Amino acid sequence: MKRNTGLQQISVSFVKGIGQHSIASLAELGIFTVFDLLEFFPSRYEDQTIRSFDEICDQETVTIAGEVVSLPIISFYGRKKSRCTFQIKADLYVIKVVLFNQNYVKNTIQLGDQVCIYGKWDSRKLAITGKFLGKDIKEGKASFQPIYSLRTIVSQKQMRKWVKYALEQYKNQIEDWLPESVRTQYKLPSKRETYQILHFPQQTHALKHGRRRMIYEELLLFQLKMQLLRKRIRESSEGVCVSVDKEEINRFIQQKVPFPLTQAQQSVLDEILTDMSSPYLLYRLLQGDVGSGKTIVALLCAYAAVRGNFQVAIMVPTEILAQQHFESFQNLLAGEDISLACLTGSTKAKDRQIILEETENGKLSILIGTHALLQERVKFCRLGLIVMDEQHRFGVEQRKILREKSSGQLPNILHMTATPIPRTLAITAFGEMDVSIINQMPSGRKPVRTRWVRQETETQVWSFLCKEVEKGHQAYVICPLIEDSEKMDLENALELYEKLKSYVNNVFEIALLHGKMKPQKKEEIMTGFKQGKTKILVSTTVIEVGVNVPNASVMVIYDAERFGLAQLHQLRGRVGRGANQSFCILIGNPKTEMGKERLKIMEETHDGFQVAEHDLNLRGPGDFFGYKQSGLPDFKIANIIHDYRALEVARQDAVHLIDDGELWNNPEYAALLYFMEQNGYFDAQMFD
Ligand code: ADP
Ligand code: MG
């Protein structure tokens with residue numbers, strides 16, 4: 001089939017009225033082709049429908065019309081700033097009009113003229129502050145003025161003109177890649193109508209209609225890209241296939257695991273093992289709230305891979321966590337004749353040499369470690385599984401390096417995270433992965449009781465702490481330490497430690513832990529706490545992720561308002577890991593309403609996913625991931641929070657189009673397929 005050259009290939013210079021100079025300005029806005037121009041949508045609209053006074057509310061932004069009854073008076077202030085005021089009569093009212101920096105109006109209007117003003121209405125003062133729209137009034141006619149984000153590079157008027165010309169000139173070349181049947185099903189306008197509506201809307205209703213279409217289209221295209229990638233990864237012929245002996249694994253669980261798996265753990269384990277032993281490559285994100293028991297799942301997967309004669313790499317973000325995993329793996333695997341090692345930045349040179357050799361010659365089966373695993377000298381001979389614990393702590397690059405550590409085939413990959421990512425975000429940012437969720441806590445866990453108190457009541461908190469310790473429990477006291485104010489924060493932590501120490505007065509042991517200490521010292525302190533010798537551990541956020549000391553029952557967090565919600569939830573997750581009733585005390589004097597709101601959310605919400613939803617709503621998706629990687633695409637119109645329903649629908653449709661081959665087999669999708677081919681959807685990089 002022969003096709004028109006798409007609008008993506010036609011330069012804006014062919015649009016009437018766009019000259020050499022304008023081309024450069026448009027390029028600055030990222031507009032090069034007619035397609036770019038038409039897809040450059042207004043960022044908002046001004047409702048310039050003239051409204052009657054009965055229906056407008058105080059402080060509403062509206063357009064009103066009236067007859068000029070007093071001549072404009074101009075006053076100047078500051079440098080080049082001016083204020084123009086006059087009165088108009090509308091209905092039975094005399095209204096004061098205030099216009100800033102529009103002194104040309106003085107020479108434009110005369111007594112008796114009918115004028116239109118757009119602005120904020122103050123019903124008490126009977127005044128409107130805003131801008132002068134003009135003299136010709138189209139009474140009763142609805143009118144929305146599109147406002148583009150043009151950063152003063154081109155004027156609004158110019159932009160509107162160009163878009164209008166482009167639409168007229170190319171209206172027969174606008175391709176719609178949504179088939180008629182889909183548009184009918186979802187009641188969406190055609191692409192041409194959509195451009196018309198979004199650039200030149202006539203009513204709110206139509207505008208919603210046009211936006212709905214673009215939202216669906218954007219989300220569908222995005223999900224198609226993700227699903228294609230997912231299919232490619234899963235069906236990659238380069239992936240290793242582990243033969244899993246289910247009976248052997250069940251035996252191991254029966255004999256060695258000290259507790260019965262929760263139903264959620266069991267079903268997630270089954271999902272993972274099925275993928276691992278199938279010709280599909282395992283590429284999965286395992287989500288589970290803090291304390292839901294992800295480690296044992298990782299261990300069982302590792303065990304299965306080793307029994308299938310493969311090596312396993314387990315990467316974690318901190319040395320403390322590497323050490324902890326290493327110890328718990330050692331305990332559980334005792335007597336199983338499986339060799340494992342721990343590699344971190346502080347592993348001694350002699351030990352390191354042996355570990356490297358045995359990793360490369362295959363003697364070693366499980367290697368647990370930090371970023372040290374990424375060093376060039378680390379080589380595996382038959383890597384079958386990679387587990388990334390707390391995966392959100394790693395950047396895209398780091399994940400890639402580890403994947404390429406094996407000489408032969410692609411290893412199975414399991415990412416684990418306790419930062420509960422709301423589903424909408426998960427299927428956006430990790431759309432190409434499969435997602436498993438452990439949505440159940442081990443039995444007997446009690447929700448952590450959380451209280452927010454002010455700094456002034458600090459000593460009451462201390463006395464509560466001591467009472468808990470007297471009952472035989474342990475406690476964490478956390479101070480923030482962020483890079484920007486590192487030095488001061490460290491001093492604060494030291495000071496707090498000294499104060500608490502004299503308060504406790506040698507009745508029991510208290511220790512300080514922070515990131516600037518030598519690894520060996522850190523390990524010593526952690527061991528003391530784990531063994532229960534140390535009762536109170538004053539620490540910076542080095543213990544934020546993963547640390548597991550079930551006897552600890554109190555978590556006190558200083559300057560709680562300085563942490564993000566997800567981080568507070570992670571920290572809180574260090575307690576409530578055993579059968580004891582645990583407590584979390586947030587100390588803070590937040591200065592903003594939002595700050596207070598956040599601490600209240602922590603008091604009321606125990607479920608990590610709910611905490612994350614709140615966090616997402618308060619901060620927006622960009623900030624939510626914050627560090628390292630966001631992976632979130634920039635949508636023009638769609639918003640993954642507000643449009644989560646459309647996102648689900650688009651995802652299901654994309655899965656259907658790809659997995660069932662509809663995209664290739666149904667001629668209705670020819671235009672869509674062509675667009676995807678032209679835009680590199682099929683060449684996207686496997687992984688990241
Ligand atoms: P996380 O998911 O936060 O990484 P962990 O894997 O560290 O959680 O598990 C938290 C604690 O719960 C550990 O002490 C672990 O031994 C225990 N645990 C895990 N699964 C179960 C279970 N099914 N029953 C009882 N305790 C469990
Ligand atoms: Mg963990």
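A polar contact is taken here as a pair of N or O atoms within 3.5 Å, and in this predicted model such a contact links the backbone of G293 to ligand 1, a backbone N or O atom of G293 lying 3.1 Å from an oxygen atom of the ligand. Two arginine side chains also approach oxygen atoms of ligand 1: a polar side-chain atom of R445 lies at 2.6 Å from an oxygen atom, and a polar side-chain atom of R577 lies at 2.9 Å from an oxygen atom. On its own, ligand 1 has 570 Å² of accessible area, of which the protein covers 84%. The surroundings of ligand 1 comprise 17 residues, among which Q265, G291, K294, T295 and R445 come nearest; R445 is thus both one of these nearest residues and a source of a polar side-chain contact to the ligand. When the residues of this shell are sorted by class, 7 are polar, 6 are nonpolar and 4 are charged.

The protein chain as a whole contains 22 helices and 20 strands, and its C-alpha trace spans about 95 × 70 × 40 Å along the principal axes. Of the 688 residues in the chain, 54% are buried.

One part of this fold can be described from strand β10, which comprises residues 340-343. In a regular strand the side chains alternate between the two faces of the sheet. In β10, L340 and C342 lie on one side and A341 and L343 on the other, and all four are buried, so that both faces of the strand are covered. Strand β10 runs parallel to strand β11 (residues 366-369), to which it is joined by 4 bridges, and within this pairing L340 has I366 of β11 as its bridge partner. Together with helix α11, which spans residues 349-361, the two strands β10 and β11 form a right-handed β-α-β unit.

A further buried position is found in helix α16, which spans residues 519-530 and includes F529. Because a residue is classed as buried when its relative accessible area is under 20%, F529, with a relative accessibility of 0%, counts as buried. The C-alpha atom of F529 is separated by 8.3 Å from that of Q474, although the two residues are 55 residues apart along the chain.

Note on methods
Residues are numbered from 1 along each chain as its sequence is written. Chains are lettered from A and ligands numbered from 1 in the order in which they are written. This is a predicted model: local features need pLDDT of at least 70, side-chain atom pairs count only at pLDDT 80 or more; totals for chains, interfaces and linings use all residues. Side-chain values use heavy atoms; hydrogens and water are left out. Buried means under 20% relative accessible area, exposed over 50%, partly exposed in between (1.4 Å probe, protein chains only). Two strands pair if DSSP finds at least two bridges between them. A crossover is right-handed if, with the strands pointing away from the viewer, the path from the first strand over the helix to the second runs clockwise. A residue is near a molecule or strand if one of its heavy atoms lies within 4 Å of it. A polar contact is a pair of N or O atoms within 3.5 Å; within protein, one must be able to donate a hydrogen and the other to accept it, and residues adjacent in sequence count only if both atoms are side-chain atoms. Accessible areas come from the Shrake-Rupley method with a 1.4 Å probe; for residues, only the protein chains shown count as cover. Ala, Val, Leu, Ile, Met, Phe, Trp, Tyr, Cys and Pro count as nonpolar, Asp, Glu, Lys and Arg as charged, and the others, Gly among them, as polar.
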